[in-house]
Amino acid sequence: MHRETDVFARRVAEVVDRLARLTRELQFVHGLNPAQWEALRFLARANRYSRSPSALAEFLGTTKGTASQTLIALETKGYVTRERSDNDRRAMQLQLTPAGTALLAQDPILAIEEAAGTMGCETGLPLLKGLTRLLHDLQQQSGVREFGVCSDCTLLCVKHAAEAEQTETHCGLTRETLTADDTSRVCINFQRAAS
(Lines give C-alpha, C1' and ligand atoms only; values in the text may rest on other atoms or scores of the structure.)
Protein backbone atom coordinates (compact mmCIF):
# COMPACT_ATOMS: atom_id res chain seq x y z
CA MET A 1 0.00 0.00 0.00
CA HIS A 2 2.88 2.37 0.77
CA ARG A 3 4.25 1.78 -2.73
CA GLU A 4 0.88 2.77 -4.28
CA THR A 5 0.87 6.01 -2.28
CA ASP A 6 4.41 6.83 -3.45
CA VAL A 7 3.47 6.24 -7.10
CA PHE A 8 0.30 8.31 -6.71
CA ALA A 9 2.15 11.16 -5.00
CA ARG A 10 4.89 11.20 -7.65
CA ARG A 11 2.28 11.23 -10.43
CA VAL A 12 0.41 14.15 -8.81
CA ALA A 13 3.67 16.09 -8.57
CA GLU A 14 4.46 15.39 -12.23
CA VAL A 15 0.98 16.41 -13.42
CA VAL A 16 1.04 19.63 -11.35
CA ASP A 17 4.51 20.46 -12.69
CA ARG A 18 3.45 19.80 -16.29
CA LEU A 19 0.30 21.93 -15.85
CA ALA A 20 2.41 24.72 -14.36
CA ARG A 21 4.78 24.62 -17.36
CA LEU A 22 1.92 24.61 -19.86
CA THR A 23 0.16 27.43 -18.02
CA ARG A 24 3.35 29.47 -18.06
CA GLU A 25 3.86 28.90 -21.81
CA LEU A 26 0.29 30.03 -22.57
CA GLN A 27 0.88 33.39 -20.90
CA PHE A 28 3.48 34.81 -23.28
CA VAL A 29 0.84 36.59 -25.39
CA HIS A 30 -0.41 40.12 -26.07
CA GLY A 31 3.01 41.51 -25.15
CA LEU A 32 2.78 40.29 -21.54
CA ASN A 33 4.62 37.68 -19.52
CA PRO A 34 3.16 35.31 -16.88
CA ALA A 35 3.93 37.64 -13.92
CA GLN A 36 2.17 40.53 -15.65
CA TRP A 37 -0.91 38.40 -16.38
CA GLU A 38 -0.95 37.18 -12.78
CA ALA A 39 -0.73 40.77 -11.53
CA LEU A 40 -3.68 41.81 -13.71
CA ARG A 41 -5.72 38.84 -12.47
CA PHE A 42 -4.85 39.60 -8.87
CA LEU A 43 -5.84 43.27 -9.15
CA ALA A 44 -9.14 42.29 -10.78
CA ARG A 45 -9.98 40.00 -7.83
CA ALA A 46 -8.32 41.82 -4.90
CA ASN A 47 -10.27 43.75 -2.29
CA ARG A 48 -9.45 47.29 -1.19
CA TYR A 49 -7.01 46.07 1.49
CA SER A 50 -4.99 44.09 -1.03
CA ARG A 51 -4.51 46.38 -4.03
CA SER A 52 -1.08 47.61 -2.93
CA PRO A 53 2.40 46.99 -4.33
CA SER A 54 3.45 45.06 -1.20
CA ALA A 55 0.35 42.81 -1.29
CA LEU A 56 0.97 42.15 -4.97
CA ALA A 57 4.59 41.21 -4.20
CA GLU A 58 3.44 38.75 -1.55
CA PHE A 59 0.81 37.27 -3.84
CA LEU A 60 3.34 36.83 -6.65
CA GLY A 61 5.86 35.39 -4.18
CA THR A 62 8.51 37.84 -5.23
CA THR A 63 10.46 40.80 -3.91
CA LYS A 64 8.98 44.30 -3.84
CA GLY A 65 11.56 45.35 -6.43
CA THR A 66 10.55 42.62 -8.87
CA ALA A 67 6.85 43.39 -8.31
CA SER A 68 7.63 47.05 -8.91
CA GLN A 69 9.18 46.20 -12.29
CA THR A 70 6.02 44.25 -13.19
CA LEU A 71 3.89 47.24 -12.21
CA ILE A 72 6.06 49.68 -14.17
CA ALA A 73 5.62 47.52 -17.29
CA LEU A 74 1.84 47.36 -16.79
CA GLU A 75 1.62 51.11 -16.17
CA THR A 76 3.70 51.84 -19.28
CA LYS A 77 1.33 49.67 -21.32
CA GLY A 78 -1.66 51.52 -19.86
CA TYR A 79 -3.16 48.59 -17.93
CA VAL A 80 -2.62 49.73 -14.32
CA THR A 81 -2.54 53.02 -12.41
CA ARG A 82 -1.21 53.90 -8.97
CA GLU A 83 -3.14 56.33 -6.78
CA ARG A 84 -2.62 57.60 -3.25
CA SER A 85 -4.84 55.89 -0.71
CA ASP A 86 -7.67 57.99 0.72
CA ASN A 87 -7.03 56.51 4.20
CA ASP A 88 -3.23 56.79 4.25
CA ARG A 89 -1.63 59.30 1.89
CA ARG A 90 1.71 57.43 2.14
CA ALA A 91 0.16 54.25 0.74
CA MET A 92 -0.45 53.51 -2.92
CA GLN A 93 -3.59 51.85 -4.28
CA LEU A 94 -3.35 49.96 -7.55
CA GLN A 95 -6.23 50.06 -10.03
CA LEU A 96 -6.86 48.36 -13.34
CA THR A 97 -7.53 50.78 -16.17
CA PRO A 98 -10.40 50.10 -18.58
CA ALA A 99 -7.75 48.77 -21.01
CA GLY A 100 -6.46 46.38 -18.33
CA THR A 101 -9.95 45.15 -17.59
CA ALA A 102 -10.65 44.69 -21.31
CA LEU A 103 -7.41 42.75 -21.79
CA LEU A 104 -8.48 40.25 -19.13
CA ALA A 105 -11.27 39.17 -21.50
CA GLN A 106 -8.39 37.68 -23.57
CA ASP A 107 -6.64 36.12 -20.57
CA PRO A 108 -4.88 32.93 -21.73
CA ILE A 109 -5.89 31.22 -18.46
CA LEU A 110 -9.45 31.18 -19.80
CA ALA A 111 -8.37 28.20 -21.96
CA ILE A 112 -7.66 26.24 -18.77
CA GLU A 113 -10.93 27.42 -17.23
CA GLU A 114 -12.80 26.24 -20.33
CA ALA A 115 -11.08 22.83 -20.25
CA ALA A 116 -11.82 22.46 -16.52
CA GLY A 117 -15.45 23.37 -17.16
CA THR A 118 -15.87 20.34 -19.42
CA MET A 119 -15.13 18.01 -16.48
CA GLY A 120 -18.44 18.59 -14.76
CA CYS A 121 -18.97 18.87 -11.03
CA GLU A 122 -18.53 15.15 -10.32
CA THR A 123 -14.87 15.27 -11.37
CA GLY A 124 -14.18 18.99 -11.03
CA LEU A 125 -15.25 19.56 -7.41
CA PRO A 126 -13.07 16.80 -5.88
CA LEU A 127 -10.19 17.98 -8.07
CA LEU A 128 -10.63 21.56 -6.85
CA LYS A 129 -10.81 20.40 -3.24
CA GLY A 130 -7.65 18.31 -3.61
CA LEU A 131 -5.66 21.01 -5.40
CA THR A 132 -6.77 23.63 -2.86
CA ARG A 133 -5.59 21.40 -0.02
CA LEU A 134 -2.29 20.76 -1.80
CA LEU A 135 -1.75 24.49 -2.29
CA HIS A 136 -2.67 25.24 1.34
CA ASP A 137 -0.32 22.56 2.69
CA LEU A 138 2.57 23.73 0.50
CA GLN A 139 2.00 27.36 1.50
CA GLN A 140 2.07 26.39 5.17
CA GLN A 141 5.24 24.32 4.77
CA SER A 142 6.94 27.17 2.91
CA GLY A 143 5.74 29.92 5.27
CA VAL A 144 3.99 31.66 2.37
CA ARG A 145 1.00 33.84 3.14
CA GLU A 146 -2.28 32.33 2.05
CA PHE A 147 -4.68 34.61 0.22
CA GLY A 148 -8.37 33.81 0.16
CA VAL A 149 -11.81 35.36 -0.09
CA CYS A 150 -13.49 37.08 2.84
CA SER A 151 -16.49 34.75 2.76
CA ASP A 152 -14.16 31.85 3.73
CA CYS A 153 -12.21 33.84 6.35
CA THR A 154 -12.41 33.43 10.13
CA LEU A 155 -12.25 37.24 10.47
CA LEU A 156 -15.59 37.70 8.71
CA CYS A 157 -18.23 38.91 11.18
CA VAL A 158 -21.90 38.69 10.31
CA LYS A 159 -24.62 40.29 12.43
CA HIS A 160 -28.28 39.62 11.78
CA ALA A 161 -30.65 42.43 12.72
CA ALA A 162 -33.95 40.61 13.23
CA GLU A 163 -36.05 43.75 13.56
CA ALA A 164 -34.76 45.17 10.28
CA GLU A 165 -34.40 41.76 8.61
CA GLN A 166 -30.95 42.80 7.44
CA THR A 167 -27.50 41.35 7.68
CA GLU A 168 -24.45 43.48 8.43
CA THR A 169 -21.07 42.09 7.47
CA HIS A 170 -17.74 43.50 8.56
CA CYS A 171 -14.08 42.56 8.80
CA GLY A 172 -13.03 41.49 12.29
CA LEU A 173 -9.56 42.91 11.68
CA THR A 174 -10.34 46.35 10.25
CA ARG A 175 -13.83 46.68 11.76
CA GLU A 176 -15.00 48.12 8.43
CA THR A 177 -18.32 47.20 6.86
CA LEU A 178 -18.06 44.87 3.88
CA THR A 179 -20.35 44.73 0.88
CA ALA A 180 -21.38 41.49 -0.80
CA ASP A 181 -18.80 42.30 -3.50
CA ASP A 182 -16.10 42.77 -0.83
CA THR A 183 -16.72 39.30 0.62
CA SER A 184 -16.13 37.63 -2.75
CA ARG A 185 -12.74 39.26 -3.33
CA VAL A 186 -9.21 38.05 -2.54
CA CYS A 187 -7.72 39.48 0.67
CA ILE A 188 -4.21 39.68 2.07
CA ASN A 189 -5.59 39.46 5.62
CA PHE A 190 -7.26 36.09 4.96
CA GLN A 191 -7.20 33.56 7.80
CA ARG A 192 -8.37 30.01 7.10
CA ALA A 193 -10.26 28.14 9.78
CA ALA A 194 -8.23 25.38 11.37
CA SER A 195 -9.04 22.03 9.81
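This report walks through the fold of one protein, starting with the whole chain and then moving to a few chosen spots.

## The big picture

First things first: what you're looking at is a predicted model. Its secondary structure adds up to eight helices and six strands. Follow the sequence from start to end and the order goes α-α-α-α-β-β-α-α-α-β-β-β-α-β. So the chain opens with four helices in a row before a pair of strands turns up, and it ends on a strand.

If you trace the C-alpha atoms, the protein spans about 55 × 50 × 35 Å along its principal axes. Now take the contacts with a separation of 6 or more: 56% of them join residues 24 or more positions apart in the sequence.

## Inside and outside

How much of the protein is buried? Of its 195 residues, 30% are. As for the outside, the protein exposes about 12900 Å², and carbon and sulfur atoms supply 55% of that area.

Charges are worth a look too. There are 23 positive and 24 negative side chains. The centres of these two sets lie 6 Å apart.

## Two helices that cross

Two packed helices are described by the angle between their axes and the distance between the axes. Here, helix H2 (residues 34-45) and helix H4 (residues 64-76) pack at an angle of about 80 degrees, and their axes are 10 Å apart. Angles of 65 to 115 degrees count as roughly perpendicular, so that is the label for H2 and H4.

Which residues do the touching? On the H2 side they are Ala 35, Gln 36, Ala 39 and Leu 40. They meet Thr 70, Ala 73 and Leu 74 of H4.

## Helix H3 and its neighbours

Helix H3 covers residues 53-60, and its buried residues are Ala 55, Leu 56, Ala 57 and Leu 60. What do they pack against? Their partners are H2, H4 and strand S2 (92-96). Just after H3 comes Gly 61, which has a positive phi of about 70 degrees.

## A histidine in a strand

Last stop: His 170, which sits in strand S5 (residues 166-171). Is His 170 buried or exposed? Its relative accessibility is 12%, so it counts as buried, the cut-off being under 20%.

Leaving out residues up to four places away in sequence, His 170 touches Leu 155, Leu 156, Cys 157 and Lys 159, along with Arg 175, Glu 176, Thr 177 and Leu 178.

Note on methods:
Residues numbered from 1 in each chain as written. Heavy atoms only, no water. Helix = DSSP H or I, 4+ residues; strand = E, 2+ residues; numbered from the N terminus. Buried < 20%, exposed > 50% of the residue type's maximum accessible area, 1.4 Å probe, protein only. Contact = heavy atoms within 4.5 Å. Areas by Shrake-Rupley, 256 points an atom, 1.4 Å probe, with all protein chains shown as cover. Lys, Arg positive; Asp, Glu negative; His and termini not counted. Charge placed at Lys NZ, Arg CZ, Asp CG, Glu CD. Axes fitted to C-alpha atoms, helices over the stretch in contact; angles between N-to-C directions. Parallel < 35°, antiparallel > 145°, perpendicular 65-115°, else oblique.
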